Amino acid sequence: MTHGRHTPALAGAILALACGGGCATGEYYESRPAVIESRSHADGQVLAQRKLKMRRAQRDLVHLRATLQNLRRHRDAAGLDRLAPFVRTYLGDYVSELLSRESGAWHPELVPLDANLLFAAAAVRMELGDRLELERLIGEIEQRFQDSQSLLVEYPIGEQSTLGQALEALKRERWKI
Amino acid sequence: MAWNGGMANLGTRIAVVAWVVCALAAPSRASETWSAYLDYAFVYSSAEPKALRERLEGYARETGMTLEEFRSDRRQEGADPGEAERRRLAVAHLLDYLTTGSAESLTSAVRAVDALEDRLTRHENRYWYHYIRAHEALHYGDAKRFVNEVLALWFGVIVELEAPYETYQTLSLDHSARVGFAAAIPYLYENIARLVLIRSQQMGLHAGLDPLAVVIRFLGDGRLGAYPDAIPAEASAREYLERVLARLEGPESDGGSLSFTLALFEAAKHHDRARGLLASEGFSEATLDAVRVSIGAYETALRQARTLQGQTAVYTRVLRQLGELYAARQRLGEDPKLDVPFRIDRAKEIFAALHEARDGEWGRHGYLEHGREAYVRALRGLWEEIQEATFNAAEYYLAEGLRDGQRANEDLNAAARFYAGYLELFDTYAADQPNELVPESAYFAAYWASKGVGDAILHFAGGNPSTRQLEEAIAHYERALRLFPFDRKLWAALALALERQGRESQFLRVTKPVAERVARSASLDTWIRQGRKDARALDVLRRALSEDLVILYFGFADASRLDELERGLEELRARRDALTTEMAELERRLEALRNERAALANEPPLPASLPAVSSTSSEPPRSGIPELTRRLEELVRAQERLDRQIEAREQALPLFREALDVEGLVEALLTQRDHPVHGLVRRMAFESEPRSRR
């Protein structure tokens, strides 16, 4: 039994597709014009996979935020110290990859997911007290969605509001850090 | 949760792979077969030790080589065994540790897996690396390392494998043996869940687990148990995880602390076991051990509680156990030595602190995410457990006190103290005005406690309490009657207490205001008119209390005297009949006399000498008309009295009989905290005159 020793070519191809050729760590949030690109190879399965990953990441960020909040309310500094590095790495590697528009799997259908993921990431950064990263995310949201202020997003966490309102709320709350 | 069953697909696959290897290889290649089994150890490594041992023994029989022989065989190989062999050896050591608990095997596993540090790019290596080190951290009670290893496992392995697994699954490739370690994802979820939820508790790691709450939340979000094709629902830890999550996120949490939640779960498990043993074996040694373990587990949970929310959750449960123990003592007549470090008074302090926060600070004590409703529910729940534990304790001591033993007075005192303790709580928070933080059953409970104090005092000093004590008992009975006037026996208890003081004649004067309040109660009237729960019984009692005679029956009669009372009524009727007969006779005689007198008046005057009267006449001396008239008037008055008595009794006795038939209301309210009549009792309490505090 030698499973895992030689990744089959098919699986490799699937992995490559899933990563969209952009699995290498890149800039967290590339400064890109808010132009929605549609690429033929981003359709179908890969798009479905990307949506799934983005939705899951958004939900996971909500769980992360809840746990960080609990630890903070408990004044559990040791617990926060233990969890925070993993969360920062997760945001910096995995989430940034999902938010990247360089990944080749970009599609208009991803816009609402993109917005929600950005807000969820911002909420976690706020909980971590990562002021600079939060500012970068706010800038990213402003840049990407300057023409989509009425888009419905899940922010504050657990509620729904228009992107414009959500952004205002986020800007107000950043001073709590 | 048996881990041994299910997993049909991978189990079959392992068997097939093993069979193929066996068939192709000579018996001397047994270690290679073991290698195949070890490559799939992620499927079965979380099994309970017994099941795991049986599985490994089965593999040993199939291969003709024990796991120990495999480990020894691999250790003796001189050359660098290579990445896969190092991993398999590490897994083999781990499996031995998991079945035997051998620290030496664990150390060997760690040493073997550490040798893979330069090969951690492979997810499979990385998984076992962190998984084995997590076990090591658990073994040595190192929460910090355990948390780090599990987080590394999640973020370093799971996150990276999930997306490929989803892809394989979409393409129906997840059952292919060639898709790599990603296919293991459903099993890895189970292993991590069991490691954190079960193994950590078995190994006694109760603190410092809170950062892992996020892993539990991840697992609960469409991951654990989401692949029934791989792991059937009955073999998954999903159900347990859901219960833990519900508690973690729910109002009985400690601000989302996983350590607390798991500790409380453990305590509840031990409590359930102790309760079962208590029911089946009484106070056996096994029961006492289970109770001690359970109490210890509650102590552990309490140590983890950083918020009043968490402390409330612990006390709500531990008071239940206290109550169960007192109830069992009373039922079984045994008083085993048990040190219980939890005090009802501490629960009252927690209630007081949370009550103090009612105007907005309650969120600070842990209820912020669950809202005020959860805060109110928690406080009411705590009150109810204080109530129940107090009464169980009090009733145990009261029963002991009534046994007339040497310690009777001491026990009666203890009973009275417990009841009075409840009344003190009641007076502080509930007596003056409706309080949403106090359950509706508190008012009925206050009646029960007042009655309890009265009962304890009445039996004090062999049933001869001092005058001052009797006064106190009477005052408590009166209060109990005001709070709950529907307990017939309570009226009798009050009458007895008054009788002991020589004041039985005052019974009606003392109780009449209570009866009048019942008659006037708008809440009761509405309740009865609307035909709500027990309306008929309450109507019977209300009508009964509207009759003074029935009130007197309540005080001085009981069911056993009903026949006597009915016979008494018959006697009265008989007496009235006799009177009627006598009156008729008197009237007849009067009439005759009057006639005689009239006849005499018409006769000629009498001769000068009267005829001799025979001294032997059998005629009785006849009364004169005045005497007969007086006698007749007396009889008329007597008949009127009898008529009044008969009329009253004819009205009262059926009511009394009906009231006697109303049984079970007190018992129903005692046993059902959510009985609707509790709400009525509470409303009626505030229809009465305001009471002074304490």
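This passage walks through some local features of a predicted model, from enclosed helices to charged side chains and backbone angles.

A good place to begin is helix 11 of chain B, which spans residues 213–220. Of its 8 residues, 8 are buried, so the helix is largely enclosed by the rest of the structure. The buried residues are Ala213(B), Val214(B), Val215(B), Ile216(B), Arg217(B), Phe218(B), Leu219(B) and Gly220(B). Their packing partners come from both chains: helix 2 and helix 3 of chain A take part, and chain B contributes helix 9 (143–170), helix 10 (185–202), helix 12 (238–249) and helix 13 (258–281). Just after helix 11 of chain B comes Gly222(B), where phi is positive at about 70 degrees.

Helix 25 of chain B, residues 535–545, can be read in a similar way. Here 8 of the 11 residues are buried, so this helix too is largely enclosed by the rest of the structure. The buried residues are Ala535(B), Ala537(B), Leu538(B), Val540(B), Leu541(B), Arg542(B), Ala544(B) and Leu545(B). Arg542(B), one of these buried residues, returns below in a network of charged side chains.

Attention now turns to charge pairs. Side chains of opposite charge can pair when their charged atoms come close. Over all chains, the structure holds 70 salt bridges, and a few of them are worth following in the 3D view.

In chain A, Asp130(A) and Arg125(A) are joined by a salt bridge, with an N to O distance of 2.7 Å. Both Asp130(A) and Arg125(A) are buried. Asp130(A) sits in the loop between helix 4 (111–128) and helix 5 (131–144) of chain A. With a relative accessible area of 12%, Asp130(A) falls under the 20% limit and therefore counts as buried. Leaving aside residues up to four places away in sequence, Asp130(A) touches Arg88(A) and Arg125(A). The C-alpha of Asp130(A) also lies 8.0 Å from that of Ile177(A), although 47 residues separate the two in sequence.

In chain B, Glu85(B) and Arg88(B) form a salt bridge whose closest N and O atoms are 2.5 Å apart. Why are Glu85(B) and Arg88(B) separated by about one helical turn? They are 3 residues apart in helix 6 (residues 83–100) of chain B, which means a separation of about one turn. An α-helix has 3.6 residues a turn, so residues three or four places apart point the same way. Both partners are buried: Glu85(B) has a relative accessible area of 17%, and Arg88(B) has one of 4%.

Are the partners in the salt bridge of Glu410(B) and Arg407(B) buried or partly exposed? Glu410(B) is partly exposed, with a relative accessible area of 48%, and Arg407(B) is likewise partly exposed, at 46%. The closest N and O atoms of this pair are 3.2 Å apart. Elsewhere, salt bridges that share partners join Asp525(B), Arg529(B), Arg536(B), Asp539(B), Arg542(B), Arg543(B) and Glu658(B) into one network.

Some charged side chains also come together on the surface. Arg575(B), Arg637(B), Arg641(B) and Arg644(B) form a positive surface patch. The largest share of this patch, 3 residues, comes from helix 28 (residues 625–661) of chain B. Arg575(B), for its part, is placed in helix 27 (residues 562–602) of chain B.

Finally, the backbone offers a few details to look up. Most residues other than glycine have a negative phi, and most peptide bonds are trans. Against that background, Arg75(A) has a positive phi of about 55 degrees without being a glycine. Arg75(A) belongs to the loop between helix 2 (44–73) and helix 3 (77–99) of chain A, and Arg75(A) is exposed, with a relative accessible area of 74%. Ala461(B), also not a glycine, has a positive phi near 50 degrees. Ala461(B) lies in helix 20 (residues 460–463) of chain B and is partly exposed, with a relative accessible area of 36%. As for peptide bonds, the one from Tyr155(A) to Pro156(A) is cis, with omega near -5 degrees. Pro156(A) is located in the loop between strand 1 (152–153) and strand 2 (161–162) of chain A.

Key:
Residues numbered from 1 in each chain as written. Chains lettered and ligands numbered in written order. Predicted model: local features only at pLDDT ≥ 70, side-chain atom pairs only at ≥ 80, totals over all residues. Heavy atoms only, no water. Patch = residues over 30% accessible without salt bridge, like charges linked within 9 Å, V, L, I, M, F, W, Y side chains within 5 Å. Areas by Shrake-Rupley, 256 points an atom, 1.4 Å probe, with all protein chains shown as cover. Salt bridge = Lys/Arg side-chain N within 4 Å of Asp/Glu carboxyl O. Lys, Arg positive; Asp, Glu negative; His and termini not counted. Charge placed at Lys NZ, Arg CZ, Asp CG, Glu CD. Helix = DSSP H or I, 4+ residues; strand = E, 2+ residues; numbered from the N terminus. Buried < 20%, exposed > 50% of the residue type's maximum accessible area, 1.4 Å probe, protein only. Contact = heavy atoms within 4.5 Å.
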